[in-house]
Amino acid sequence: MNATIRPGAPTGVACGFAGIGACLVLVLANTGAGWLLVVLALTAGLLVAGFTLAWRAARTIDVALRVPGDAVAGRPVVVGADVSAAAPFELSVPELGLSWTGVPAPGRGDFEVMPLRRGVVRSCTIEVRCAAPLGLWWWRRRSRLQLTAPLHVAPLPVDVRAPWPDGGGAAQATLATGARGDELVRAVRDYVPGDPPKLVHWHASARTGTLVVRELESPTTPAVCVVCDLDGPPGRVEAVASVAAGLAAAALAEGTEVVLATTEMEGPVLAPVATRIEVGRRLARAVPGPPVAPPAGMRTAHAAAFVATGLTP
Amino acid sequence: MRRILAWVRHANRRRETEDSVALRVAVGVAVMASATAVLREGVGGSLLVAAVVVGLPLAFVYSAVTRHRSGLVLKALLAVGVVVAFVAFVSRLLGDAGSIGAVQAPLAQLFLWVQLLHAFDVPARRDLLFSLASSFVLVAMAAVFSTSLGLGLHLAVWFPATVAALVLAYQSRIGRRGCIELTPAARSGHAPGPARRPVLVACAVSLAAGTAVFVALPQVGAHRGMSFPSRLPERLPIPDIGGLSNPGFDDGGVSTGDGAAAGSGRFGYFGFSRSLDTSLRGRPDDTLVMRVRASHPDFWRGQTFDTWDGRTWTQSEPESAARRLHGSSPLDVPLRREDGPASLGDEFVQTFMLEESTPNLIFGAYDIRRVHIPDDTLFQMSDGTLRTGVALGHGAVYTVVSSRPAVSEASLREADAWFASLASRDRAGALPPDLRERYTALPAGFPSSLRALSDQITAGAPTTYDAVLAIEAWLAANTNYSLDAPAPAPGVDAAEAFLLHDRVGFCEQIGTALVLLLRAQGVPARLVAGYAPGERNPFTGLFEVRGSDAHAWAEVYFPGVGWQGFDPTADVPLAADAGSSSGAALWAWIVQRLPHWPGAVWAGVAVAVAVAGGIALSVWWRRRRRRSSEAQPSWARRQAEVIEAFGARSGRPRAPAETLAGYAHRLGVRSLQDPAATIEREAFGGGITGAERRATENALAAASRDEQS
Amino acid sequence: MSTNATTTATQPYARAAEPSAVAYALWDNLGRVVKGKNDPIRLAVVALLSGGHLLVEDVPGVGKTLLAKSLARSMGASTARVQGTHDLMPSELTGVSVHHPHSGEWHFHPGALFANVVVVDELNRCTPRTQAALLEAMEERQVSVDGTTRPLPDPFFVVATQNPHEHAGTFPLVEGQRDRFALVTTMGYPDRASEKGLLLGRGGVPGLDDLTAVTTAAGVSAAIAATSELHVAGAVADYVLELIAATRTHPEVVLGASTRAAMWVVRAAKAHAVLCGRDYVSPADVQAVAAPALAHRLLLVGGPDAAVAAALVGRIVEQVPVPRE
C-alpha cells in the first residue's frame, strides 16, 4: 500500500478535551493555579501522544483486497482481504459501497461489501483511517487498487411480470393457428377432428389413403430485443437499467434468445446475451446515449417504456 | 427551528449500547479519582461526600446493569435531580453574594451532583466519554483549589484511567457491530484483544510529552487579578486593639531577654513584635508557615523598625496611633505622602494562604494598595504596614494587591541629583523633615568608630545609591553570615561588636549594619521584618514560605522614588525569578530533595544509571528487532504460505527440502505455478514489481476460489 | 496445443538476456540429435556455461561422443577428438615444435587441445602422464611447449568420456583429478522409444550432419561471462553451504566437499538458472546441479562409486531444508 499518510481530523473526544483545555488556560491565567498547569501539560501530552502514536500506527497498515469480477448493485458480494496492521483501524472503499468500517485485528479473510452503484469498477480507492491507540486524531491513508479484472456491478434486476409490449401471448396464438407463412413442416400426423383444413397435407393423404395434417414449427425461436436506452436523471437511468436486467432475465428464464441493445463508452452495442452474468456485465458497461435501433421485425421491449408506463412493480 | 430540533433529535438518538465492562471500569475509576480530588479540597458537606463516595460506584454499576433498558422514568428522575441541584446552586449564590471566588465552591458542588446523577444513565460509549470529559473538568477544578501535593495522588490514578478509557473506547468503536473480522494470520505480530500494551505505551508517551510540555512552559502566576480569595475560618479579635500579637512566638508581643535563647515557638520569628533585640539568637525552623500565590517572587514585608538604642530596634509610634481603616472587603489602603509618587504602577496580586498562626500582620510586597480580607477593620501604622483586628491562624486566606512602578538603578542614582535640583520649598515635599528626622536618628551614644567606618566606606560614592552599594560590598567582603554568631556581651553596642569585632552575624545584624551606616551619612533608612519569597513548588505553583524564611532587611528612602528595599544578606539575586520555566523550578525542587551526597557518589550513580539504561535500551532494541523479524513475515513468505495452505488442504503438505516452484508443480495446479515462480523471484531474485505482486495475490485468491467451488 | 507449447517455451527467456537465449538454443539443438538424453544434454550445456568441463561416465555405445560432437557443431566452433589409448603422448594433445630444415626454423604444430571443444574418449585409457597434461591444460587454459606458453582458444570446453566398468588396462582418475571436472554425468540408456527409432533408421531424426550451428564461439564466451555475473541471494548461498556442510558430516563420507566444490555448485547453479531463463539462482537450480557437481568430489567409505555418491548427494538434497521464501 504505497500511500502517503495525511493528517485527517481530530475526533470528538479530542475536540472536547482541547476545548476544555482552552477554557482552562483562561482559568489558569486568572488564578495562576500551579496544579492546573500540571493538568494542562498532561492533557497536552495526551493530545500529542494521540497525534504521534496514531501516525505510527497508521504507518503500519497495509491492506490488499481481492475483488471478484461480478456483483449486483445493492446485493452483498464477498471480497477477500489481506490486512497487516499494528493497531485497529477503519477501512472504507467507496466504490464498493463500504463506508467506514472497523478492522479490529490484522489477518486474512473475507468480508461482505455492497456496491451501491451500477457500473464497471476498474480500480478502487482503499481509504484507511487510524486513531489508535487513544482515538484522538484520525490519520488517513488512501491508495488506489488497480483491479486485475474489472468488477462489473450489474443493476439489481426488477421482477418484470408484465406481457411483452407486442403481446407475447398473442404471438404464440398466431403461431399455433399457422397464420404466418414462414413456418417449416416438421411432420405429418393423422387428422384429428378440429384441425384446420388448411393444414391437411393433400399429397400425403392421397398417398396414404388417410387424412393427414401438417405439424408446423416456427423456423427459429423468436428472439426478443431488450432495448436499454439510458437517459434522464440518474435515478431514472438506474431504474431503466434495472428494468432491462429484469426483462432480459425473464426472457432468458423462458428460454428465449435475448438481444440486448445498449450504449457503451465506445458506442452502441447490439449483441445477444446468453446468461444472466452476461446481461449483468453488458448493463454494467452501459452508459447513457442514443440507443441502437432494434433489428426490424424482432420483438422489442423498451426498458424505458416500462419505466415510463409504470408497468414495473 | 426545525433544523435545530432535528439536530437535537439526531444528537440524542439512541446509540449502540456499550458492552465493554473494562471501558466502564476505566471511566468509573477516572471519575472517582477526579470527584474525590475535588472533595479532598474541602468542597461540600458530609452529604455530598457520602453521596459521591458511595453513590458514584453504585451509579456506575447500576447503569452497567440496566444499560439495555430505555429507562424513561430514570431519565425523568435524573432531570428532576439536576434541576434541584441547580436551584440549590443558584440559591447559594444569591445567599452568598460575593466575589467570583465565592462561586467556585458551589459550582464544584453542582458539578459533582450532576456528575453523580449522570453516572446513573450512561448506556452508550458517547455517554461514557462525556463522563470522562467531565472528570477532566473536575480534576481541573481540584487543581484550581489545591494548594498541596496531595492532588498528585489523584492525578496518578486519574491519568492512567483516562488513557485506558480512551484506548478501550477506541477499540470498542472499531470493534462495534459489523466490523470486518479476519482470521488472524498464522504468525500475527500482536494479539488484538488485551489493551494492556497500548495503554502502557500511550501512558508512557503522553506522560513523556506532558513532562516535556510542563518543563517548557513558563511558571505562571495570576497575571490578571480577577479572583481575590479571602477566608477567615474563625474571627478571634486581638485583645489589644491595634496591637501586635505573635502567637507563633509565644512571648505575647514583648520580647525581652539578653541573648539567652529564641522563644519557645518552633517557627515563630522574634522580629514580629514591638521590638527586635539583635542580641537574640536562634532561628525559626522549617515549618511551612504559609503559601503565597503570586506571579513573581518578592519580599513579603511585615513591619518596620525606626528606633535603634544600641542593641534593640523598636517602633517609636505608639500602637494607639494606628490609623483605623474601616469598611467592607476589599479595603483600600490610603496613600501616604511619602509613598505618593511611588505608588502608581502595575498591580501585583498576592494571595497568602496561612498554614500556621502568624502575627496579625498583613504581609505583602511594597506597596500595599488594597486588601481582600473578610473583616471590616484594619489598622495602618504610620510606616504604612497593616495589622488586622483578628487573629490569623491556619486556613486564613487574604489577598493583597500591591503596586509600584518599575525602579531601575538609573532612577535610584538620579534621585540625589533630582533632589538637589529642587527648590528648597519643594524639598520638604520630596523628603519631609519629620521623615528625615525619624529615619536618620541615631542614639546618643552611637560609637564614633562606626561613624568613621561609615565615612571610610562611603567615601567616593557619588550618590546615595552608590553609597548603599559600597556598604553592601563592604559587608559582603568583611562579614560572614552564620546562624551561630556569638551573642554580644551585655552592655556592649551590638552593632559595634558585629562590625568591628566579631564580624559574624545573620540577617538582623547585617541589615542593622546597613541601616546604621547609612543613617551615619544622614540617609533615611529603616529595618524591615518579613519573609523571604520562599521556594516555589513546581506543581502547585505556590511559594512555600517556611519559618526559616523569616527575614530582616533594610529599606532606604530615595526622594521621588520612595522606600527601596536592600538585602545586604543576599548579595546574589533572588532565586526563582519571574518567568522562569517550570522545568527550572522542577529541577530546583528535585535537587533540593535529593540526599546530600558528595559529587563522586553522584557521578557513580549517574554512570550506573547510564549503563543500566544503555543495557535496557539495547536489550529492548534487540528484542524488538527479533520480534519484528518474527512477527512480520515477508510478502514472499506470506504468499508461499497461501500455496502451502492450499496443498495442506489437499493432503499434500510441503516437504522442508522442497522448493516452492517444485511444490507447486507437484500439486499439479496449473494456476499456482506461475505465482510460485514469481514468489521465488521476489525471494531470491532482484525483486518484483507492485503489479506482479497484485497479479500474484489475485491469482492465488482465484485459485483458492476455484478450489472451493 | 502447439501454440500453447510455444508460449510456454518462449516464456522463460522472453525476459532473459542473451545468455539464456544461447543456452536454450544449444539445448534445443542438441535435443534434435541426441534423443532421449535430456539430463546429459542439460548438464552439458550447464557445464559449458559455467566455464567448466564435463566428464561423461558410461558404457560405450550410449552416445557420449555424439553428445560432445553435437555440442561442438551447435556452437559452430572448432572441434577436436582424441581417442584415449595408453600410447597417447602428451605432445599429441599439446602440440610439438618441428624443425623445418629448409627454413631452418622451428614451427609449432598445435595439438588436439587447440580447439574450442575437445572430446577425449576413453580418458582412463590414457597414461597418467597424458592425463596430467590434459588436466593441467584444462585448469590453466593454456599449454607450455618448449618454454613457450600458448593460450588455448576461448571458449575452451573439454568433454571427456570414460567407461568406469572397464578395469583392464586403464588408469582410473584419482579424486584430485576428478575434481577438475565441473560436472560428471552418466549417459544412461536411451528410452525404448528412442532406441526403437534408432533401430528403425533415421526416420526423420536428424543426424549429426544435419545439425547447424545455432551460435558462435564468441556468443558462447559472452554467455559464459554473463552467467558468472548472475545474482545469487544470500539465502541461496547459505543453502549451498548447508548442503556442503551436510556432505562433510555424513557418516558414509570420508572426505566431504571442498570449498572449491561449493564454488562449482554455485557456478553450475548459475548456468542452470540461465538455461531455465531466470536472472537469479533459485534453490531449485542448486538442487538440480548438486549431484553432478558434488558426487564425484566426495570420498566415500566404500570406495569410489559414482552411482552411490550420486544417490548420497540426492538424499542430502532431500534432507536439507530449502531456504524459506
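Is A:Glu264 buried or exposed? In this predicted model, A:Glu264 counts as buried, at 10% relative accessibility. Its side chain meets that of A:Arg282 in a salt bridge, with 3.6 Å from N to O. A:Arg282 is likewise buried, its relative accessible area being 5%. The two residues sit in separate elements of chain A: A:Glu264 belongs to strand β13 (residues 258-264) and A:Arg282 to helix α6 (residues 276-285), so the salt bridge ties together parts that are 18 residues apart in sequence.

This pair belongs to a wider set, as the count over all chains comes to 39 salt bridges. In general terms, side chains of opposite charge can pair when their charged atoms come close.

Chain B offers a further example. Here B:Glu18 forms a salt bridge with B:Arg125, and the closest N and O atoms are 3.6 Å apart. Distant parts of the chain are linked by this pair, 107 residues apart: B:Glu18 lies in the loop between α1 (2-11) and α2 (21-40) of chain B, while B:Arg125 is found in helix α6 (residues 125-145) of chain B. B:Glu18 counts as buried because its relative accessibility is 4%, under the 20% cut-off.

A local pairing can be seen in helix α9 (residues 409-421) of chain B, which holds both B:Glu409 and B:Arg413, 4 residues apart, or about one turn of the helix. These two residues form a salt bridge whose closest N and O atoms are 3.9 Å apart. B:Glu409 counts as partly exposed at 44% relative accessibility, and B:Arg413 also counts as partly exposed, at 32%. Elsewhere, salt bridges that share partners join five residues into one network: B:Arg637, B:Glu641, B:Glu644 and B:Arg654, together with C:Arg324.

Turning to the strands, chain B contains an open sheet of 3 strands with antiparallel pairing, in the order β1-β5-β4. Its edge strands, β1 (275-277) and β4 (307-308) of chain B, each pair on one side only. Between β1(B) and strand β5 (residues 312-314) of chain B, the antiparallel pairing runs over 3 bridges. Within this pairing, B:Asp277 has B:Thr312 of β5(B) as its bridge partner. More broadly, strands of a sheet pair through backbone hydrogen bonds, either parallel or antiparallel.

A helix accompanies this sheet. Helix α15 (residues 507-520) of chain B lies across β1, β4 and β5 of chain B, and α15 runs at about 70° to β5(B).

Definitions and conventions. Residues are numbered from 1 along each chain as its sequence is written. Chains are lettered from A and ligands numbered from 1 in the order in which they are written. This is a predicted model: local features need pLDDT of at least 70, side-chain atom pairs count only at pLDDT 80 or more; totals for chains, interfaces and linings use all residues. Side-chain values use heavy atoms; hydrogens and water are left out. A salt bridge is a side-chain nitrogen of Lys or Arg within 4 Å of a carboxyl oxygen of Asp or Glu. Buried means under 20% relative accessible area, exposed over 50%, partly exposed in between (1.4 Å probe, protein chains only). Two strands pair if DSSP finds at least two bridges between them. Contact means heavy atoms within 4.5 Å. Axes are lines fitted to C-alpha atoms, for helices over the stretch in contact, and angles run from 0 to 180 degrees between N-to-C directions.
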